[in-house]
Amino acid sequence: MSSKQAHEIYQRKFETYRRESIYKSLETLVSANLLEKAYDEDDGLRYSARITQLQLNLEDMEVESVAE
(Lines give C-alpha, C1' and ligand atoms only; values in the text may rest on other atoms or scores of the structure.)
Protein backbone atom coordinates (compact mmCIF):
# COMPACT_ATOMS: atom_id res chain seq x y z
CA MET A 1 0.00 0.00 0.00
CA SER A 2 1.09 3.57 -0.41
CA SER A 3 2.21 5.72 2.52
CA LYS A 4 -0.90 7.86 1.97
CA GLN A 5 -3.17 4.79 2.23
CA ALA A 6 -1.33 3.60 5.35
CA HIS A 7 -1.76 7.02 6.93
CA GLU A 8 -5.49 7.10 6.14
CA ILE A 9 -6.05 3.64 7.65
CA TYR A 10 -3.99 4.46 10.73
CA GLN A 11 -5.83 7.76 11.17
CA ARG A 12 -9.23 6.05 11.05
CA LYS A 13 -8.25 3.31 13.51
CA PHE A 14 -6.08 5.12 16.02
CA GLU A 15 -5.14 8.75 16.34
CA THR A 16 -4.48 11.66 14.08
CA TYR A 17 -0.79 11.84 13.26
CA ARG A 18 0.84 13.98 10.65
CA ARG A 19 1.62 12.22 7.41
CA GLU A 20 5.27 13.18 7.81
CA SER A 21 5.45 11.20 11.08
CA ILE A 22 4.17 8.09 9.34
CA TYR A 23 6.70 8.64 6.53
CA LYS A 24 9.58 8.93 9.00
CA SER A 25 8.51 5.72 10.72
CA LEU A 26 8.27 3.88 7.40
CA GLU A 27 11.72 5.17 6.40
CA THR A 28 13.12 3.87 9.70
CA LEU A 29 11.76 0.42 8.82
CA VAL A 30 13.33 0.71 5.34
CA SER A 31 16.68 1.56 6.95
CA ALA A 32 16.35 -1.54 9.15
CA ASN A 33 15.74 -3.67 6.01
CA LEU A 34 12.28 -4.65 7.23
CA LEU A 35 10.52 -2.80 4.40
CA GLU A 36 11.43 -1.92 0.86
CA LYS A 37 10.03 1.01 -1.06
CA ALA A 38 9.28 1.63 -4.70
CA TYR A 39 7.70 4.48 -6.63
CA ASP A 40 4.33 3.89 -8.30
CA GLU A 41 3.09 6.50 -10.80
CA ASP A 42 -0.48 6.30 -9.47
CA ASP A 43 0.11 6.01 -5.72
CA GLY A 44 3.55 7.51 -5.21
CA LEU A 45 5.81 5.70 -2.75
CA ARG A 46 4.74 2.14 -1.95
CA TYR A 47 6.14 0.06 0.89
CA SER A 48 6.24 -3.71 1.10
CA ALA A 49 7.56 -6.18 3.65
CA ARG A 50 11.01 -7.62 2.99
CA ILE A 51 10.51 -10.41 5.50
CA THR A 52 7.86 -13.05 6.09
CA GLN A 53 8.66 -13.71 9.72
CA LEU A 54 10.26 -11.74 12.55
CA GLN A 55 11.16 -13.43 15.81
CA LEU A 56 12.26 -11.43 18.83
CA ASN A 57 14.08 -13.07 21.71
CA LEU A 58 13.84 -10.44 24.43
CA GLU A 59 15.70 -12.55 26.95
CA ASP A 60 18.86 -12.72 24.80
CA MET A 61 18.10 -9.46 22.90
CA GLU A 62 18.28 -11.22 19.52
CA VAL A 63 16.25 -10.62 16.36
CA GLU A 64 15.86 -13.22 13.63
CA SER A 65 14.09 -12.57 10.35
CA VAL A 66 13.24 -14.64 7.31
CA ALA A 67 13.30 -12.83 3.95
CA GLU A 68 10.75 -13.51 1.25
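Which residue forms a salt bridge with glutamate 27, and how far apart are the closest N and O atoms? The partner is lysine 37, and the gap between those atoms is 3.1 Å. Keep in mind that this is a predicted model. Below is a quick tour of its salt bridges, one helix, two surface patches and a pair of unusual backbone angles.

**Salt bridges**

- Searching the whole structure turns up two salt bridges.
- One of them is the pair from the opening, lysine 37 with glutamate 27. This pair links distant parts of the chain, with lysine 37 sitting in strand β1 (residues 35–40) and glutamate 27 in helix α2 (residues 19–31), ten residues apart.
- How covered are the two partners? Glutamate 27 has a relative accessible area of 17%, so it is buried, given that buried means under 20%. Lysine 37 comes out at 38% and therefore counts as partly exposed.
- Arginine 50 and glutamate 36 also meet through their side chains in a salt bridge, at 3.2 Å from N to O. Arginine 50 is in the loop between β2 (44–49) and β3, while glutamate 36 belongs to strand β1, so the bridge ties together parts that are 14 residues apart in sequence.
- Here both partners are partly exposed: arginine 50 has 35% relative accessibility, and glutamate 36 has 38%.
- As background, side chains of opposite charge can pair when their charged atoms come close.

**Helix α1**

- Helix α1 spans residues 3–13, and Ser3, Ala6 and His7 are buried in it. Why do they end up on the same side of α1? Because the arc they cover around the axis is only 100°.
- Flip to the other side of α1 and you find Arg12 and Lys13, which are exposed.

**Surface patches**

- Glu59, Asp60, Glu62 and Glu64 make up a negative patch on the surface.
- One of its members, glutamate 59, lies in the loop between β3 (51–57) and β4 (62–67). With 75% relative accessibility, glutamate 59 counts as exposed.
- There is a nonpolar surface patch too, built from Leu54, Leu56, Leu58 and Val63. Together these four have about 430 Å² of accessible area.
- Leucine 58 is the patch member to look up in the loop between β3 and β4. Its relative accessible area is 67%, so leucine 58 is exposed, the cut-off being over 50%.

**Positive phi angles**

- Most residues other than glycine have a negative phi, which is the backdrop for the next two entries.
- Asparagine 33 is not a glycine, yet its phi is positive, at about 60°. You'll find asparagine 33 in the loop between α2 and β1, where its 48% relative accessibility makes it partly exposed.
- Methionine 61, another non-glycine residue, has a positive phi near 55°. Where does methionine 61 sit? Its place is the loop between β3 and β4.
- Is methionine 61 buried or exposed? At 68% relative accessibility, methionine 61 counts as exposed.

**Worth a look in the viewer**

- The loop between β3 and β4 keeps coming up here: it holds glutamate 59 from the negative patch, leucine 58 from the nonpolar patch, and methionine 61 with its positive phi.
- Strand β1 takes part in both bridges, through lysine 37 and glutamate 36.

Definitions and conventions: Residues are numbered from 1 along each chain as its sequence is written. This is a predicted model: local features need pLDDT of at least 70, side-chain atom pairs count only at pLDDT 80 or more; totals for chains, interfaces and linings use all residues. Side-chain values use heavy atoms; hydrogens and water are left out. Patches are made of residues with over 30% relative accessible area and no salt bridge: like charges are joined within 9 Å, nonpolar side chains (Val, Leu, Ile, Met, Phe, Trp, Tyr) within 5 Å. Accessible areas come from the Shrake-Rupley method with a 1.4 Å probe; for residues, only the protein chains shown count as cover. Lys and Arg count as positive and Asp and Glu as negative; His and the chain ends are not counted. The place of a charge is taken as NZ of Lys, CZ of Arg, CG of Asp or CD of Glu. Helices (H or I, at least four residues) and strands (E, at least two) are DSSP runs, numbered from the N terminus. Buried means under 20% relative accessible area, exposed over 50%, partly exposed in between (1.4 Å probe, protein chains only). The arc is that of the directions from the helix axis to the C-beta atoms.
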